[in-house]
Amino acid sequence: MANNQASKSIVIDYDAIAKQESFKALVRKKNTFLWSITVFFLAAYMLLPILTSYTTILHQKAIGEVTWVWIYAAGLFIMTWSLCHLYVAKANSYDKEAKAIIAEYENGGGRL
């Protein structure tokens with residue numbers, strides 16, 4: 001036998017949520033984080049070819065026959081994994097804030 005209970009349909013007005021001050025604050029915070037991490041990531045990656053092509057800073061020996069360019073390049077891999085971990089952690093916190101904003105809307109806080 002099939003369950004014939006009517007399912008409750010929730011209609012969400014996303015325009016009303018977008019007008020909430022809490023949503024605007026979340027978007028500003030998220031964009032600030034994303035732009036900051038993007039600039040840092042690109043600067044660190046673009047610095048490697050610039051330093052190796054136009055200077056001799058990274059050509060110096062660091063440990064035995066290993067030069068600083070190899071250490072810098074390995075550091076880029078570590079940085080990438082670290083930034084991915086940081087991004088996931090921040091995204092999870094933003095998801096929690098987004099759920100709180102939707103709950104605020106559903107409780108009548110965001111309706112005009």
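This is a short talk on a predicted model of one protein chain, from its overall layout down to its largest pocket.

Hi everyone, thanks for coming. A word on ground rules before the tour. The model is predicted, so local features need pLDDT of at least 70 and side-chain atom pairs count only at pLDDT 80 or more, while totals for chains, interfaces and linings use all residues. Residues are numbered from 1 along each chain as its sequence is written, and side-chain values use heavy atoms, with hydrogens and water left out.

Let's start with the layout. The protein chain has three helices and two strands, where helices (H or I, at least four residues) and strands (E, at least two) are DSSP runs numbered from the N terminus. Along the sequence, the pattern reads α-α-β-β-α. Of the 112 residues in the chain, 16% are buried. By buried I mean under 20% relative accessible area; exposed is over 50%, and partly exposed is in between, with a 1.4 Å probe and protein chains only. As for contacts (heavy atoms within 4.5 Å), take those between residues at least 6 apart in sequence: 64% of them join residues at least 24 apart.

Now to helix α2, residues 21-54. Does its end-to-end distance agree or disagree with the expected span? The expected span is 1.5 Å times one less than the number of residues. For the 34 residues of α2 that gives 50 Å, and the end C-alpha atoms are 48 Å apart, which agrees. There is still a bend in α2 of about 25° at Leu-47, with a proline, Pro-49, following within four residues. That bend is the angle between axes fitted to the seven residues ending at a position and the seven starting there.

What is buried in α2? The list is Leu-26, Phe-33, Ile-37, Ala-44, Leu-48 and Leu-51. Part of what covers them is α3.

On to α3 itself, residues 68-106. Its 39 residues should span 57 Å, and the end C-alpha atoms sit 56 Å apart, so this helix agrees with expectation too. The buried residues in α3 are Leu-76, Met-79, Leu-83, Tyr-94, Ile-101 and Tyr-105, and their cover includes α1 (14-19) and α2. After α3 comes Gly-108, with a positive phi near 90°.

Let me zoom in on how these two helices meet. Leu-86, in α3, is partly exposed at 38% relative accessible area. Setting aside residues up to four places away in sequence, Leu-86 touches Phe-33 and Ile-37, two of the buried residues of α2. Leu-86 and Ile-37 are 49 residues apart in sequence, with 9.5 Å between their C-alpha atoms.

Further along α3 we find Ala-98, which counts as partly exposed because its relative accessibility is 28%. Its C-alpha atom is 9.1 Å from that of Ser-22, 76 residues away along the chain. Then there is Val-27 in α2, partly exposed at 31%. Val-27 and Tyr-94 are 67 residues apart in sequence and 9.2 Å apart from C-alpha to C-alpha.

That brings us to the pocket. A pocket here is an open set of points on a 1 Å grid over the protein atoms alone, where a 1.4 Å probe fits and there is protein on both sides within 12 Å along at least five of seven lines; lining residues have an atom within 4 Å of a point. The largest one has a volume of about 180 Å³. Volume means the space filled by probe spheres set on the points, with grid points joined across faces, edges and corners.

Which residues line it? They are Phe-23, Leu-26, Val-27, Lys-30, Leu-34, Tyr-87, Ala-91, Tyr-94, Asp-95 and Ala-98. The elements giving two or more residues to this lining are α2 and α3. By class, the lining has eight nonpolar, no polar and two charged residues. In this scheme Ala, Val, Leu, Ile, Met, Phe, Trp, Tyr, Cys and Pro are nonpolar, Asp, Glu, Lys and Arg are charged, and the others, Gly among them, are polar.

One last stop, at the strands. Thr-67 sits in β2, residues 66-67, and counts as buried at 17% relative accessibility. Beyond its neighbours within four places in sequence, Thr-67 contacts Leu-58, His-59, Gln-60, Lys-61 and Ala-62. Thanks for listening!
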